[in-house]
Amino acid sequence: MENQSMNGIAVNQAGIIKRKKTRPRIGVFGVGYFKYWGQFDGLLEDMLKKQSVFIEKVEALDSVDIIDFGLVDDVTKAYEMVPKLNAANLDLIFCDMLTYATSSTFGIIIKSIDIPIVLVALQPDKAMNYSKASTYLQLYNDDICSLPEFAGVAVRMGKKVPKMIIGTLYDDPAADAEIEEYCRIAAVLHDLKTAKIGHIGHPIEAMLDMHSDSTMLTAHFGAHIVQCEAHEIVTFYQQATAEEIDVVKDRILAFFDTPDPVSDPISEKLRDSDLHIAAQAAVALEKFVKAKKLDGLAYYYDGPDNSDTRVVMSNLIVGNSLLTGAGFPMCGESDLKTCIAMLIMERLGIGGSFAEFHPVDFIEDFVLVGHDGPHNIAIAEGQPVLRSLKKYHGKPGFGAGVEFKIKEGPITMLSINSTYDGKMKFVIAEGESIAGSIPPTGNTNTRGFFKPDVRTFLKRWINEGPTHHFALGIGHHAETIQTIADYLKIESVLING
């Protein structure tokens, strides 16, 4: 039975199961032309009904909070609207293009606010009945009429042309999907600017691409980087009770497969001692995340030989994978930028697993993408595997390793790097996760196929200067992520096939 949520984390007797989703705030205002109302009886009432239908459509998604700002039909109302929009702490605005509206209803708004605006032009009829057409019916369906005017005025106001949705108000799955997509984008924008990302230690000393300026991450994304200490997790580890550890052991064994080793001599069947340490570390990590009210964590920390610090900090992989799957992205090697990339993907509902490139298969033309942990087990293909590893390659320690591949089908990759002038850059690509065996090494690996061929793709990806890590999600969502980058005023590049 699920208990009351605390600190945004849904809990039950088994511990953390899934984060409680936040609700972004979306504003809606309609636009029209005041001169029409006196000319055509009933038209204003029909416009207000159209707007209420649109709002009901958004509310039916049950994922956002809607603030209705009414109808703007002259320049005075537009000026009066500006402080209301700015005061509402909005994440995104839908401008409902109800009929033709002069751009004076929009110009001062686009000039004065720095909140993403989406122009929504959903006409009620799929087509006019031309044999019975009238000026009234034309105005009733004139949703797209002002789109060029609003776009042109946005440019004259020094702003980009707003994104837009064009379709019909009823029975239009494509338009409904776009509305839902912008609500998910609003969730990303909301959670980025309110996120608390923990940071412990430092990047592995030799990985120059991993280093981040925490202040610049706040400047570009809004997230606050919480500087934490390894001993905080270690203390929770030392305080974990046998009962708490046993509960998490049961969770782990119920979720993961523990097969015999195959070909890798450093892997073994999961040892009871490694399971116990992984469960105890998971108990500590979950308590730490809740106590610090974190939305994610990037860490790398060594510690003296045979110390609790080394044992705990090198055995967070299983707990990290559980938390990442529950909506709290966790990054090893202290990679804050990729932690944010994983947060973006998670809030979009597409997973977001820690990944890098592994060996290429030049025979079947794919590249293995994966990492030694942590991972997003929510997007695993089949049952994830736990193996005991005698050593973590390139890192201190030994213990349980998580092995699986990403769901088969379309995938999206996002790398976030910082440029020479201190700005951020998104490098994005789409590909396919294809069926086939993966190395039984206690690490994740996915067979990634990318167009036009693996050699050309890798050259194009690398030429954009990414980090060697990236977030890996399911589905094709490059355009959505580019929209997010655009709203954040961050450069983005899509590696096309």
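In this predicted model, strand β18 and strand β19 (residues 444–449) pair in the antiparallel sense over 2 bridges, and the bridge partner of E432 in β19 is F449. Strand β18 also pairs with strand β17 (residues 409–418), again in the antiparallel sense, through 10 bridges, with G431 of β18 serving as the bridge partner of I411. These two strands, β17 and β18, form a hairpin in which 5 residues lie between them, and G422 in the turn has a positive phi of about 85 degrees. With strand β21 (residues 491–495), by contrast, β18 pairs in the parallel sense over 5 bridges; here V427 has V493 of β21 as its bridge partner. Strand β18 spans residues 424–433, and 8 of its 10 residues are buried, so the strand is largely enclosed by the rest of the structure.

In soluble globular proteins, nonpolar side chains tend to be buried together. The largest nonpolar core of the model holds 56 residues, of which F94, F221, I344 and F426 touch the most other members. When residues up to four places away in sequence are left out of account, the contacts of F426 comprise F221, I344, L414, S415, I416, I481, A485, L488, I490, E491, S492 and V493. A second core, separate from this one, consists of 40 residues and includes A240, L275, V318 and F404.

Parallel pairing is also found in an open sheet of 4 strands, arranged in the order β9-β8-β11-β12. The edges of this sheet are formed by β9 (224–228) and β12 (330–331), each of which pairs on one side only. Between them in the strand order, β8 (residues 196–201) and β11 (residues 296–300) pair in the parallel sense over 5 bridges, and I197 stands opposite G296 in β11.

Among the helices, the axes of α10 (residues 242–255) and α11 (residues 272–292) come within 8 Å and cross at roughly 110 degrees; the two helices are therefore roughly perpendicular to each other. On the α10 side, the contact involves E244, I245, V248, K249, R251, I252 and L253, which meet L275, H276, A279, Q280, A282, V283, E286 and K287 of α11. The residues of this contact divide into 8 nonpolar, 2 polar and 5 charged. One of the α11 residues in the contact, L275, is also included in the second, separate core of 40 residues.

Technical notes:
Residues are numbered from 1 along each chain as its sequence is written. This is a predicted model: local features need pLDDT of at least 70, side-chain atom pairs count only at pLDDT 80 or more; totals for chains, interfaces and linings use all residues. Side-chain values use heavy atoms; hydrogens and water are left out. A nonpolar core is a set of buried Ala, Val, Leu, Ile, Met, Phe, Trp, Tyr and Cys residues joined through side-chain atoms within 4.5 Å. Buried means under 20% relative accessible area, exposed over 50%, partly exposed in between (1.4 Å probe, protein chains only). Contact means heavy atoms within 4.5 Å. Two strands pair if DSSP finds at least two bridges between them. Axes are lines fitted to C-alpha atoms, for helices over the stretch in contact, and angles run from 0 to 180 degrees between N-to-C directions. Angles under 35 degrees count as roughly parallel, over 145 as roughly antiparallel, 65 to 115 as roughly perpendicular and the rest as oblique. Ala, Val, Leu, Ile, Met, Phe, Trp, Tyr, Cys and Pro count as nonpolar, Asp, Glu, Lys and Arg as charged, and the others, Gly among them, as polar.
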